[in-house]
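Okay, thanks for coming, everyone. I've got one chain to walk you through today, so let's put it up on the screen.

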Amino acid sequence: MRTDDFWQLIDRARADGGGEPHAVAARAVALLAERDPEDIVGYAHHQARVLSASHKVDLWGAAYLINGGVSDEGFHHFRGWLMTQGREVFARAVADPDSLAGLPQVRAASLSGEEFSGSEMLAVPWDAYRRATAAELPADREPAPVPDLNDFWDFDDEEEAKRRLPKLAALFVEPPAE
């Protein structure tokens, strides 16, 4: 499976499955399970690459601001949700995490407190492979590289958040008391 095929499948799942992460994931499982097992393995490989490429400190900081805090697992689930937003939104957020402030659902979450998680999306290749073959997805022979996170910053530091993610900080960081 090519990278374009990976994202086209997600786009189809988004179009057919509604906008909720669980619905997108369920439709992606159904679409992927119709394919050859090799394609499902290819999807898993691309998903691992996408998740590795998005494992960036400032994106983690963005998830932290948006969700009101986020653990390692929570950041992983946030990136699952981000996958359900499609290739363009995902790529833009990886390149510029502050761009998430432009998403209507993120803007609404600044008022509602909604949190974004897409853990179901992370299970898509395993669920599809199981459905298609009644077997477990083979382990990836080449694990995704682990990114360097030495540039961590204190996500609770409001000044640093304003410096690194000014648009998101304007939505999610309380203004100073006067």
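Before we look around, one bit of vocabulary: I'll say buried for under 20% relative accessible area, exposed for over 50%, and partly exposed for anything in between, using a 1.4 Å probe and protein chains only. Now the caveats. This is a predicted model, so local features need pLDDT of at least 70 and side-chain atom pairs count only at pLDDT 80 or more, while totals for chains, interfaces and linings use all residues. Residues are numbered from 1 along each chain as its sequence is written, and side-chain values use heavy atoms, with hydrogens and water left out.

Right, the overall picture. How many helices and strands are there in the chain? Eleven helices and zero strands, where helices are DSSP runs of H or I with at least four residues, strands are E runs of at least two, and numbering goes from the N terminus. Reading along the sequence, you just get α-α-α-α-α-α-α-α-α-α-α. The radius of gyration is 17 Å, close to the 16 Å from the globule rule for 178 residues, so the chain is as compact as a globular protein of that length. That radius is taken over C-alpha atoms, and the rule is 2.2 Å times the number of residues to the power 0.38. The C-alpha atoms fill a box of roughly 60 × 35 × 25 Å along the principal axes.

Of the 178 residues, 46% count as buried. And if you take contacts (heavy atoms within 4.5 Å) between residues at least 6 apart in sequence, 70% of them join residues at least 24 apart.

On to the inside. By nonpolar core I mean a set of buried Ala, Val, Leu, Ile, Met, Phe, Trp, Tyr and Cys residues joined through side-chain atoms within 4.5 Å. The largest one has 55 residues, and Y43, M83, L100, M121 and L168 touch the most other members. Which helix gives the most to this core? That's α4, residues 57-67, with eight residues. Take L168: leaving aside residues up to four places away in sequence, its contacts include A62, L65 and I66, plus P97, L100 and V173.

Now helix α3, which spans residues 37-53 and holds Q47. Is Q47 buried or exposed? Buried, at a relative accessible area of 3%. Beyond residues up to four places away in sequence, Q47 touches F6, M83, M121, L122, P125 and W126.

P37 is in α3 too, but P37 is partly exposed at 28% relative accessibility. With residues up to four places away in sequence set aside, P37 touches Y129 and T133. From P37 to S54 you go 17 residues along the chain and 26 Å between C-alpha atoms.

D39 is another α3 residue, partly exposed with a relative accessible area of 23%. Again not counting residues up to four places away in sequence, D39 touches M1 and L32. The C-alpha atoms of D39 and G102 are 34 Å apart, with those positions 63 residues apart in sequence numbering.

Last stop, A134, in the loop between α9 (124-133) and α10 (158-164). A134 is exposed, with a relative accessible area of 72%. Have a look at its backbone as well: phi of A134 is near 60°, a positive value in a residue other than glycine.

That's my tour, so over to you.
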